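Hi everyone, thanks for making the time. I'd like to walk you through a protein model and stop at a couple of its helices along the way.

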Amino acid sequence: MNIEDFDFNLPEELIAQTPLKDRSSSRLLVLHRDTNKLEHKTFTDIKNYFKAGDCLVLNDTRVLPARLYGVKEDTGAKIEVLLLHQQEGDSWEVLAKPAKKIKSGSTLVFGEGKLRATCTDVKDHGGRVLKFEYEGIFYEVLDELGEMPLPPYIKEQLPEKERYQTVFAKEEGSAAAPTAGLHFTNELLNEIKALGVTVVFITLHVGLGTFRPVSSDTIEEHTMHAEFYHMSKETAALLSKVKENNDRIISVGTTSTRTLETIARDNDGQFVESSGWTDIFIYPPYDFRAVDGLITNFHLPKSTLIMLVSALADRESILHAYNEAVKERYRFFSFGDAMLIL
């Protein structure tokens, strides 16, 4: 399939630059796959689409303040680093700008020496492996020196770091937020549980795979960058029970979806306790083995994320829904409005 098949016209002013004060006050576009019917709602209305026995799956990854600004020790040249994932010990794979200035052996200095790093390996896609040196606890130093890694299409500063975290964020390690989860408040989650819905957590640390653009003309040629995931024994057992009862699994976000589908694919449709790296790339046609419904934000044209939602519904339905969202002035991307696909 051609990447142009997933393009749509998006006015720049619809890209949300700041989060709403109240997380759950976003708008909600509901797409019913069986009829292609669209409904315009508010996010708190989402509880009306759940029924007892359903299972809501949330990604509990926590975003690191993963963007660091520093200098090359020998030249004083300014550099920017985005932590992607920890390899072992104090070595991290990162994206660096400008990458050509950072070669094996280069030493970088952050926060006037509170954090130092040596480049130990050069990867493709602008990637580097850095070994960090510091005193104390790495995450505390990072919290002091790092900034939230907001996507490049967000130009505004974020005054509150926690607004780019979900209220259930727990497991440190993400380079970006699982943004569909940003709409939930603890109060709304409690209301959903009170309906007899099971709420479970999985972890996928969002990395380059989620937001790397498709660089080939045909989507089959694109390779996803691997991201780390984990599912506990308890979550696997709860999900298995939901499937046995023929109830629905509603995934919150494309990251949760990719994790669930990876585990189901690798275990003959079963849910089992597992950890590993996934580079699953979901695009039409795709036979979903885990997910019955999806809560997600509105995604970039020609991105792997719009391809995933087009696999769950179908391309024509998604593009029709997106064009309707543009017409109705929905807010797009990370801090934007939400969509429920059932």
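**Two helices and the whole fold**

Let's begin at one small spot: just after helix α2, Gly 196 takes a positive phi of about 95°. Please keep in mind that this is a predicted model.

Now step back into the helix itself. Helix α2 spans residues 186-194. Which of its residues are buried? They are Leu 188, Leu 189 and Ile 192. These three cover an arc of only 100° around the axis, so they end up on the same side of α2. Turn to the face directed away from that buried side, and you find the exposed residues Glu 187 and Ala 194. As for what lies over the buried residues of α2, the cover includes strand β3, residues 55-59.

Next stop, helix α1, which runs over residues 138-145. Here the buried residues are Phe 138, Val 141 and Leu 142. Why do they fall on the same side of α1? Because they cover an arc of only 100° around the axis. On the other side of α1, Glu 140 and Glu 144 are exposed. What covers the buried residues of α1? The cover includes several strands: β5 (67-72), β6 (78-88), β7 (91-97), β9 (115-122) and β10 (127-134).

So much for the close-ups; let's zoom out. The secondary structure adds up to seven helices and 17 strands. If you take contacts between residues at least 6 apart in sequence, 70% of them join residues at least 24 apart.

How about overall dimensions? Along the principal axes, the C-alpha atoms fill a box of roughly 65 × 45 × 40 Å. A compact globule with 342 residues would have a radius of gyration near 20 Å, and the protein has 20 Å, so the two agree.

What share of the 342 residues counts as buried? The figure is 55%. On the outside, the accessible surface comes to about 15200 Å², and 46% of that belongs to carbon and sulfur atoms.

One last item, for those of you who think about charge. The protein carries 39 positive and 52 negative side chains. The centres of those two sets lie 3 Å apart.

To recap the helices: α2 has Leu 188, Leu 189 and Ile 192 buried, and α1 has Phe 138, Val 141 and Leu 142 buried. Thanks for listening, and I'm happy to take questions!

Terms used:
Residues are numbered from 1 along each chain as its sequence is written. This is a predicted model: local features need pLDDT of at least 70, side-chain atom pairs count only at pLDDT 80 or more; totals for chains, interfaces and linings use all residues. Side-chain values use heavy atoms; hydrogens and water are left out. Buried means under 20% relative accessible area, exposed over 50%, partly exposed in between (1.4 Å probe, protein chains only). Helices (H or I, at least four residues) and strands (E, at least two) are DSSP runs, numbered from the N terminus. The arc is that of the directions from the helix axis to the C-beta atoms. Contact means heavy atoms within 4.5 Å. The radius of gyration is taken over C-alpha atoms; the globule rule is 2.2 Å times the number of residues to the power 0.38. Accessible areas come from the Shrake-Rupley method with a 1.4 Å probe; for residues, only the protein chains shown count as cover. Lys and Arg count as positive and Asp and Glu as negative; His and the chain ends are not counted. The place of a charge is taken as NZ of Lys, CZ of Arg, CG of Asp or CD of Glu.
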